[in-house]
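Dear colleague,

I am handing over the structure that we spoke about, and I would be grateful if you could look through it alongside the notes that follow.

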Amino acid sequence: MKWNDIISALVLIVVSIVVFFASDQLEAKTRMDIGPDFMPKLVAALTFLLSLLLLAQAVQRNMGLSPQCQMPDVDRGPVRQGDLIERYADWISLLLILAYTIAFEPLGFVLSTTIFLFLQFVVMSRSGERRYIRFALVAGVVSAVSYYVFLKLFYVFLPTGLLG
């Protein structure tokens with residue numbers, strides 16, 4: 001039985017609950033229609049719901065796997081280049097998050113987020129299903145729309161970096 005998804009889901013559920021209630025402690029520095037606790041609570045609620053979904057899927061998947069019906073490990077031959085990205089996707093994603101946090105201020109929100117999303121799309125897709133132009137367009141549109149929403153609706157000024 002594989003417990004990785006179950007443990008991850010439970011940890012995320014606990015973290016989302018802690019973040020949700022800890023966001024009540026955020027102090028408003030200016031008068032706004034939406035308080036500073038809105039986004040953390042929204043993210044925590046979405047994380048909680050997605051973690052519940054992950055937990056349900058993991059439990060369902062593990063209930064269907066008994067020791068006698070598990071498939072044996074089979075040597076699949078030499079590793080193709082596309083498989084390296086898939087095999088190390090979790091470590092690559094961790095490095096991308098680290099690089100994103102470092103590049104956020106000098107490159108600015110739009111450029112760093114576009115690059116991060118594009119690369120994350122590549123990492124999370126299978127080697128035969130990568131659509132680079134589509135990934136670039138979606139990453140650019142999502143970054144631009146997010147920047148506009150933060151600036152015009154939430155009055156949050158994000159770094160402009162090289163574009164500013």
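**What was found**

L49 is exposed, with a relative accessible area of 53%, a value that lies over the 50% cut-off for that class. This residue belongs to helix α2, which covers residues 38-63, and its C-alpha atom is separated by 8.4 Å from that of I13, although the two are 36 residues apart along the chain. Please keep in mind throughout that this is a predicted model.

As for the overall fold, the secondary structure comes to six helices and zero strands, so that the chain, read along the sequence, follows the pattern α-α-α-α-α-α. Of the 164 residues in the chain, 21% are buried.

Turning to the surface, a nonpolar patch is formed by W3, I7, V11, V15 and V19, which together have about 440 Å² of accessible area. One of these residues, V11, is found in helix α1 (residues 4-22), and V11 counts as partly exposed because its relative accessibility is 47%, whereas the exposed class begins over 50%. In general, an α-helix has 3.6 residues a turn, so residues three or four places apart point the same way.

Polar contacts come next. The structure holds one salt bridge, in which the side chains of K41 and D24 meet at 2.6 Å, taken from N to O. The pair links distant parts of the chain, since K41 is in helix α2 while D24 is in the loop between α1 and α2, 17 residues apart. D24 is partly exposed, with a relative accessible area of 42%. K41 also has a second partner, for its charged end sits over the ring of F20, 5.1 Å from the centre of that ring.

You may also want to look at the aromatic residues, where the structure holds eight aromatic pairs. In one of them, the rings of F104 and F109 have their centres 6.0 Å apart and their planes at 85°, and the pair is therefore edge-to-face, as planes over 60 degrees apart are classed that way. F104 is partly exposed, at a relative accessible area of 21%, whereas F109 is buried, at 9%. In another pair, the ring centres of F121 and F135 are 5.7 Å apart and the planes stand at 55°, so this pair counts as tilted. F121 and F135 link distant parts of the chain, with F121 in helix α5 (residues 109-124) and F135 in helix α6 (residues 132-153), 14 residues apart. F121 is partly exposed, with a relative accessible area of 26%, while F135 counts as buried at 13% relative accessibility. There is also one aromatic cluster formed by Y100, F104, F109, F116, Y147 and F150.

Finally, helix α4 (residues 89-107) has a kink of about 30°, centred on T101. The buried residues of this helix are A89, S93, L96 and A103. Just after α4, G108 takes a positive phi of about 95°.

With best wishes

Conventions: Residues are numbered from 1 along each chain as its sequence is written. This is a predicted model: local features need pLDDT of at least 70, side-chain atom pairs count only at pLDDT 80 or more; totals for chains, interfaces and linings use all residues. Side-chain values use heavy atoms; hydrogens and water are left out. Rings of Phe, Tyr and Trp (its six-membered ring) pair if their centres lie within 6.5 Å; planes under 30 degrees apart count as stacked, over 60 as edge-to-face and the rest as tilted. Buried means under 20% relative accessible area, exposed over 50%, partly exposed in between (1.4 Å probe, protein chains only). Helices (H or I, at least four residues) and strands (E, at least two) are DSSP runs, numbered from the N terminus. A charge sits over a ring if NZ of Lys or CZ of Arg is within 6 Å of the ring centre and within 35 degrees of the ring normal. The bend at a residue is the angle between axes fitted to the seven residues ending there and the seven starting there. Patches are made of residues with over 30% relative accessible area and no salt bridge: like charges are joined within 9 Å, nonpolar side chains (Val, Leu, Ile, Met, Phe, Trp, Tyr) within 5 Å. Accessible areas come from the Shrake-Rupley method with a 1.4 Å probe; for residues, only the protein chains shown count as cover. A salt bridge is a side-chain nitrogen of Lys or Arg within 4 Å of a carboxyl oxygen of Asp or Glu.
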